[in-house]
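Notebook open, structure loaded. I want a quick look at a few loop residues, then a couple of helices, then the chain as a whole.

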Amino acid sequence: MPHFDMPLDRLREYRPDLQVPHDFDEFWSETLREARAYDLGAVFEPVDSGLAVIETFDVRYAGFGGQEIRGWLHLPANRPGPLPAVVEYIGYGGGRGLPHERVLYAAAGYAHFVMDTRGQGSGGGVGDTPDAGANGDPQHPGFMTRGVLDPREYYYRRVFTDGVRAVDAVRAHPAVDATRVALTGGSQGGAITIAVAGLADDVVAAAPDVPFLSDFPRATTLVDTNPYAEVARYLKVHRDHVDRVYRTLSYFDVSNLGRGATAPALFSVALMDEITPPSTVFSAYNHYAGSKEIEVYPFNGHEGGQAFHDVAKLRWLAKHLR
């Protein structure tokens with residue numbers, strides 16, 4: 001795929017004037033207040049991953065609505081004391097996987113928490129967490145239009161809240177230094193990273209890769225690839241719901257949520273990305289309120305920088321977590 005979006009010099013300046021609901025801050029404050037009214041109830045059960053130098057725990061904690069969310073916590077087997085933590089969020093369709101699959105940050109010496117994404121985990125990684133809060137309204141196949149007519153019922157209200165509570169959960173483990181928690185993830189995981197950076201307290205670093213769920217008006221009309229195309233196909237049928245859908249999505253647009261973030265951030269973007277178009281990534285980047293930098297991969301699609309960017313992130317995290 002050749003470059004199809006704006007030239008890089010225009011991308012660096014692209015900061016669209018997006019709809020921000022008048023009750024945006026109140027909506028999210030109330031959402032988190034309701035979630036934290038439930039006992040976190042974090043439970044860490046040891047599991048045998050087969051890895052000799054990493055200890056793994058099967059984690060359960062109360063997310064949105066007090067509903068059980070699963071995760072893995074990986075710890076270096078030999079550790080001098082409480083460790084800084086990296087919370088990782090997963091891309092669209094994927095789950096937390098098997099215990100040995102995602103251990104990069106534990107191998108680098110951090111506590112590494114991998115959050116399972118409710119309802120997902122059959123499209124690229126095993127998942128174990130049901131979406132107990134779904135209201136059953138008609139939706140296009142996938143997750144993008146689940147509850148999309150009402151922000152209080154929308155799927156990503158639950159997921160973003162689960163992401164904030166994941167930070168609370170990792171801080172509850174005695175091996176973790178609660179003052180040093182960073183966030184990362186790619187695509188959907190990058191979107192959750194930005195959202196949680198804007199909603200959680202005292203996160204020290206955020207590293208979203210090719211983030212999804214940004215600048216919905218542009219994304220849903222610029223590309224016809226999934227998952228954004230789920231919204232377009234829903235609206236192709238529900239012609240009378242356009243305004244309601246975009247109003248709901250404005251509460252979950254990470255370009256809006258990043259305005260509340262203060263943690264330093266390292267973004268990544270790929271200029272041939274047909275899944276999360278470069279302009280939508282730069283929208284999230286340019287609206288992000290904390291100090292920030294961005295790695296640009298000119299000849300890559302949605303895979304982004306992959307192993308090359310892992311190296312960049314490890315070096316960057318070392319500056320913010322040690």
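**Loop residues first**

I started with Asp150, which I found in the loop between β5 and α4. This is a predicted model, so everything I note here is computed from it. Is Asp150 buried, exposed or something in between? With a relative accessibility of 32%, Asp150 goes down as partly exposed. I also checked how far Asp150 sits from His287: the two are 137 residues apart along the chain, and their C-alpha atoms are separated by 25 Å.

Next I looked up Asp131, placed in the loop between β5 (111–115) and α4 (155–171). Asp131 is buried, at 12% relative accessible area, and the cut-off for that word is under 20%. What does Asp131 touch, if I skip residues up to four places away in sequence? My list reads Arg118, Gly119, Arg146, Tyr155 and Arg158.

Asp202 was the third aspartate I pulled up, in the loop between α5 and β7 (205–209). Asp202 is exposed, with 65% relative accessible area, where the label needs over 50%. I paired Asp202 with Thr262: 60 residues apart in sequence, 8.3 Å apart in space, C-alpha to C-alpha.

**Pro277 and the helix after its loop**

Pro277 is in the loop between β8 (265–270) and α10 (278–287). I got a relative accessible area of 0% for Pro277, so I wrote it down as buried. Which residues contact Pro277, leaving aside neighbours within four places in sequence? I noted Phe4, Asp5, Leu222, Val223 and Tyr228. For a distance check I took Val126, 151 residues from Pro277 along the chain; their C-alpha atoms are separated by 27 Å.

Then I went through α10 itself. Ten of its ten residues are buried, so I call α10 largely enclosed by the rest of the structure. Those buried residues include Pro278, Val281, Phe282, Tyr285 and His287. What covers them? The cover includes the helices α1 (8–11), α5, α6 (216–222) and α9 (254–257), and the strands β8 and β9 (292–297) are part of it too.

**Helix α5**

Since α5 turned up in the cover of α10, I checked its length. Helix α5 runs over residues 188–199, twelve residues, and at 1.5 Å a residue it should span 16 Å; I get 16 Å between its end C-alpha atoms, which agrees.

How many of the residues of α5 are buried? Eleven of the twelve are, so to speak, under cover, and I noted α5 as mostly covered. The buried ones include Gln188, Gly189, Gly190, Ile192, Thr193, Val196 and Leu199.

**The whole chain**

Last, I zoomed out. I counted eleven helices and nine strands in the chain. Its radius of gyration is 18 Å, close to the 20 Å the globule rule gives for 322 residues, so the chain is as compact as a globular protein of that length. The C-alpha trace spans about 55 × 40 × 35 Å along its principal axes.

Of the 322 residues, 58% count as buried. I put the accessible surface at about 12900 Å², with 50% of it belonging to carbon and sulfur atoms. Among contacts between residues at least 6 apart in sequence, 74% join residues at least 24 apart.

Where do the charges sit on average? I have 30 positive and 41 negative charges, and their mean positions are 1 Å apart.

Methods:
Residues numbered from 1 in each chain as written. Predicted model: local features only at pLDDT ≥ 70, side-chain atom pairs only at ≥ 80, totals over all residues. Heavy atoms only, no water. Helix = DSSP H or I, 4+ residues; strand = E, 2+ residues; numbered from the N terminus. Expected span 1.5 Å × (residues − 1). Buried < 20%, exposed > 50% of the residue type's maximum accessible area, 1.4 Å probe, protein only. Rg over C-alpha atoms; globule rule 2.2 N^0.38 Å. Contact = heavy atoms within 4.5 Å. Areas by Shrake-Rupley, 256 points an atom, 1.4 Å probe, with all protein chains shown as cover. Lys, Arg positive; Asp, Glu negative; His and termini not counted. Charge placed at Lys NZ, Arg CZ, Asp CG, Glu CD.
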